[in-house]
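Let's take a walk through this model together, beginning at one particular spot and then stepping back to see the rest. Keep the 3D view open as you read.

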Amino acid sequence: MIVLKNNDFIERNEATIDMEDRGHQFGDGVYEVVRVYDGEAFLLQDHLDRLQYSLNEVEINYDVNQQGLSQLLQQLIEKNKINDGGIYLQITRGVAPRNHPYPEDTQPVLFAYPLQLSRPLKAQAQGITTILQKDFRWLRCDIKSLNLLGNVMTKQKASNANAGEAIFYRDENHVTEGSSTNVFIVKDDKLYTHPADNLILNGITRRYIFHLANQLNIPYEEKVFSLTDLKEADEVFITSTSAEVTPVVEIEGQKIANGQPGPISKKLLDAFFEYKNVGQLT
Ligand code: PMP
């Protein structure tokens, strides 16, 4: 495996991380996961824009354009001959003696490498079961930060319950997102999902769903919904770079509608590759 470290391509076994890298000590860094379909990075510019947003919010001094990151990632895909899969990439603030405040003059450290990602065809065909979890994460979920312990603990809880995802809620009137996905409900042929604020990650797939909904003339609204809205929805589905569109058929043992993936979820999934030459999302 060839790995990108800063601007250099190196072998996987040469890729080492310093003990005092702040990503390692504080989770002081940001990341992205990008899908590769047919050898092409999907919605790459949108991922890079969000990466720049996360970097700016935590004041890591790295300019995605200036560094030519887009071209470097294309080279990474070619060098590893990634056809269908993904790229993981993270940028930390860099290496400094352990101390909480941002150190001056550290060089950010970037790593990017291929991920084996297969399409979740079985989950998409059958739908997944989910559990609920009170959202105990911090209030800057809009930053795609390396601090994923709340998400990891919650995904483990889902896994222990043999569920495919855990859905977070702040209180009973306020569902936010999944542990690694955004959540949509369908009610009376209209889509609803949480507004892009500090309580969720503004998923690239979430925004791609808006693009598909526009193409398919499906109305949608970014609006907070409740646990009751969720359980009484006509359809529920989750979205992410890895999950694409995956229907949810059960929440805490309770079936959504008839317990089968719904028609609008299917329609969006069928359209997923049809409208994919979007270039950049609006
Ligand atoms: N929310 C959270 C908490 C996530 O971790 C992810 C996936 N990284 C998403 C939503 C979906 O984002 P995207 O569609 O950009 O993969």
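**Starting at the ligand**

Among the elements around the ligand, α6 is the top contributor to the shell, giving three residues. Keep in mind as you look that this is a predicted model. You'll find α6 at 204–216, and along with β13 (235–240) it is one of the elements that each supply at least two residues of that shell. In total, 14 residues surround the ligand, and the closest are L201, G203, I204, T205 and T241. What sort of residues make up the shell, by class? Nine are polar, three are nonpolar and two are charged.

Now zoom out to the whole chain. The protein chain is split into domain 1, covering 2–115, and domain 2, covering 121–271. Measured out by their C-alpha centres, the two domains sit 27 Å apart. How many residues of each domain are in contact with the other? On the domain 1 side there are 17, and they meet 10 residues of domain 2. Look for β3 (29–37) and α2 (44–57) here, since each supplies at least two residues of the side of domain 1 that touches domain 2. The largest share of that side comes from β3, with seven residues. By class, this side of domain 1 is a mix: six nonpolar, six polar and five charged residues.

Next, the inside. Nonpolar side chains tend to be buried together in soluble globular proteins. In this chain, the largest nonpolar core has 57 residues, and A41, L73, I87, A112, I185, V236 and V248 are the ones that touch the most other members. Both domains take part in this core, with at least three residues drawn from each. Pick out I185 to see some of the packing: leaving aside neighbours within four places in sequence, I185 is in contact with Y192, F225, D229, L230, A233 and V236. Across the protein chain, buried residues make up 39% of the 282 residues.

Finally, the overall build. Count up the secondary structure and you get eight helices and 15 strands. Taken along the principal axes, the C-alpha atoms fill a box of roughly 55 × 40 × 35 Å. A compact globule of 282 residues would have a radius of gyration near 19 Å, and the protein chain has 19 Å, so the two agree. Many contacts reach far along the sequence, too: among those between residues at least 6 apart, 70% join residues at least 24 apart.

Technical notes
Residues are numbered from 1 along each chain as its sequence is written. This is a predicted model: local features need pLDDT of at least 70, side-chain atom pairs count only at pLDDT 80 or more; totals for chains, interfaces and linings use all residues. A residue is near a molecule or strand if its C-beta atom, placed from the backbone, lies within 6 Å of it. Helices (H or I, at least four residues) and strands (E, at least two) are DSSP runs, numbered from the N terminus. Ala, Val, Leu, Ile, Met, Phe, Trp, Tyr, Cys and Pro count as nonpolar, Asp, Glu, Lys and Arg as charged, and the others, Gly among them, as polar. Domain bounds come from an automatic or database domain assignment. Two residues are in contact if their C-beta atoms, placed from the backbone, lie within 7 Å. The radius of gyration is taken over C-alpha atoms; the globule rule is 2.2 Å times the number of residues to the power 0.38. A residue is buried if 20 or more other C-beta atoms lie within 10 Å of its own, exposed if 12 or fewer, and partly exposed in between; C-beta atoms are placed from the backbone. A nonpolar core is a set of buried Ala, Val, Leu, Ile, Met, Phe, Trp, Tyr and Cys residues joined through C-beta atoms within 7 Å.
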